[in-house]
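Let's look at how a few structural labels are earned here. Each question takes one label, and each answer sets it against its definition.

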Amino acid sequence: MASSLPVSAFAASPGQTASSSTGVKNRAPLAPNAFYSLPLGAVRPTGWLRSQLEIQAQGLGGHLDETWPDVGPNSGWLGGSGESWERGPYFLDGLTPLAYLLDDARLKAKAQKYIDWTLNNQQPSGMFGPHSNDDWWPRMVMLKALTQYQEATGDPRVIPAMQHYFDYQLTALPTRGLSDWGKFRWQDEVLSVIWLYNRTGNPRLLDLVHLLHTQGHDWLAQYANFQYKDRITGEKIRSEEESGHKDFGLSTHGVNNGQAIKTGAVWSLVSGSESDRRGVSQMIAELDKYHGLPNGMFSCDEHLAGPNPSQGSELCTVVEYMFSLEQSLGILGDPVLGDRLEKLAFNALPGTLTDDMWAHQYNQEPNQVECSLHRKPWTTDGPESNLFGLEPNFGCCTANFHQGWPKFTASLFMLSQDDGVVAAAYAPCEMRTMVRDTPVHIVEETNYPFHGTVSITVNPASPLAFPLLLRIPAWAKGTTLTVNRQQQPAPESGTFARIERKWRAGDRVEIDFHFEPRVSQGFHDSVAVERGPLVFSYGIGEDWLKLRDRGMTADWQVYPTTQWNYALSLDAASPSHGIVTVEDEMHDRPFSAKGAPVKLHVKGRKVSSWQAEDGVVNPVPQSPVTSDQSEETVTLIPYAAAKLRITAFPQLKT
Ligand SMILES: [Zn+2]
């Protein structure tokens, strides 16, 4: 029987108060993180990133509850009789950081209603949430929302409520164990339990961590001997489950795998095991090898679907993969995880939402020539899955996508184990924190990922020595660094450059990333073009046809108005050689086709035999290909700006 120890017995140590403006480090016996996240609100968006969060707030992000009953006034998470499972918590997990990052009173008031209902209606047992549903899984999501809310507000109700719930789980899980989604997503709850342990030191929380691990799916074993190398069809799932492999569908489910990517990092904090730490890169490598797509995602429509760029990826998986990368980057300090995080944030995330963020797809495809009700090649999803709309196919993404931009923003800066400031990913922002008991304000000015210069001004309240760690992406060869215009040693790509000095207010670091176009190879030896963290696509002419109104928004089909079947002509020895870059000024919506601040021109020819059937582009033909068509200049725009696009091209024989 779990007895709840008074929280005061585990009062935070100095510098670890709940609403502290600095990171909270791991308590023994947990292994240390490489980097610690800052409390929600320490990093604030500026520049284009602020505009992007404002677009989200003015779109579905700030209005979903007004037009979608599943998170509206009758939500079970407001005490109503409506949806009482994951949708309320999903929405809160994004609404809460959006509200506090924008310091938006309207959005804070919206989030507060769900938070207050949850905290004020906890049962005497410790269970919380809608009485009509006792699934562990949606509560794992609400815990993520509660921890963010506590960091932003210091609300004293959160920590005792979480402890009470975790004590309840310790008594209840032995007889009503994890199952279904909760069994496959246990590692996300471990993050919340560790969050609380670091603040209270209650040793029973470590018992709960072990119990969750024992009852949860063994993701590390699944990937140590990875079996799911082929496209997983509905028939395959049925036959496997009928022959006794009852978790086959959940093991190969895209969102589950996206969430699972963090497992090795999270569990290594408890196990201290080096092989667990390697689990993250091992999982990413297997997914890339067998299901990898040129937008940085793996295919999941909604089960693992192979490397054909006509397959789709679910939006929930995009934002969950991002969250896994943010957490894993913090724990492991591996810069490559930041490279992938940026690739998803700047391509796959905005690429599957309309520019105004009032509509989204369930599935996006790198080679997407039509979004329509025509038959699609999905493994298990329905015919609406690549429409842009309110809830195409199923409403999980409608509720869950809101966490993408806010959590990315909150993760731009972290603190290192040795009290350094870490630029983990790049976008315009400012950050305020305490470093070695001194207030430090940092201003990052940049148009990254569109333009390659980043300026970071460091303003400690008084002169202060500490290391500044700058992520130098693996693709960033030839990056130059200056401090107060003084050239620094050339940083090595794929590392964190470390600048140690006594910082004085106004000290200015300039990073110049030389954005050379790059070419990557994929399915059937196709080629995709990248520059910095952006992936580029040929933007097909788009005709948006409204299918139906959906309250404050609508569902749309998108039909092509131009041909798209290009093969590219690239110099095999130096593939980026023939690519011409044109940079333009930034506009209000940098991820829209109208405002694209950078374009690439490359030579290509149409390949007549490469066609689409029923709105689905046939697999990109095996390269090299030949063409008797005339040579043209093909203009490529950022992936996200092209809602109809070709991203993986055949390569012309030279
Ligand atoms: Zn979804």
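Q: What makes the second largest cavity, with a volume of about 80 Å³, count as a cavity?
A: In this predicted model, local features need pLDDT of at least 70, side-chain atom pairs count only at pLDDT 80 or more, and totals for chains, interfaces and linings use all residues. Residues are numbered from 1 along each chain as its sequence is written, and side-chain values use heavy atoms, with hydrogens and water left out. A cavity is a set of points, on a 1 Å grid over the protein atoms alone, where a 1.4 Å probe fits but cannot get out. Its volume is the space filled by probe spheres set on those points, which are joined across faces, edges and corners. The value of about 80 Å³ belongs to the second largest such set, and a search of the whole structure finds three cavities of 30 Å³ or more.

Q: Which residues lie nearest the centre of the second largest cavity, and what makes a residue part of the lining?
A: A lining residue has an atom within 4 Å of a grid point. For the second largest cavity 13 residues qualify, and Gln 52, Pro 350, Thr 354, Asp 355 and Phe 591 lie nearest its centre.

Q: How do the lining residues of the second largest cavity divide by class?
A: Seven are nonpolar, three polar and three charged. Ala, Val, Leu, Ile, Met, Phe, Trp, Tyr, Cys and Pro count as nonpolar, Asp, Glu, Lys and Arg as charged, and the others, Gly among them, as polar.

Q: What volume does the largest cavity have, and which residues are closest to its centre?
A: Its volume is about 680 Å³. It is lined by 32 residues, with Ser 37, Glu 151, Trp 195, Phe 323 and Gln 327 closest to the centre. The lining holds 15 nonpolar, 12 polar and five charged residues.

Q: Which helix supplies the largest share of that lining?
A: H8 does, with six residues. Helices (H or I, at least four residues) and strands (E, at least two) are DSSP runs, numbered from the N terminus. H8 spans 186-200.

Q: Why are strands S20 and S22 said to pair?
A: Two strands pair if DSSP finds at least two bridges between them. S20 (residues 566-568) and S22 share three, in the antiparallel sense, so they pair by that rule. One of the matched positions is Leu 568 with Gly 604.

Notes. 1 Å grid on protein atoms, 1.4 Å probe; cavity = no way out; pocket = protein on both sides within 12 Å on 5 of 7 lines; lining within 4 Å.
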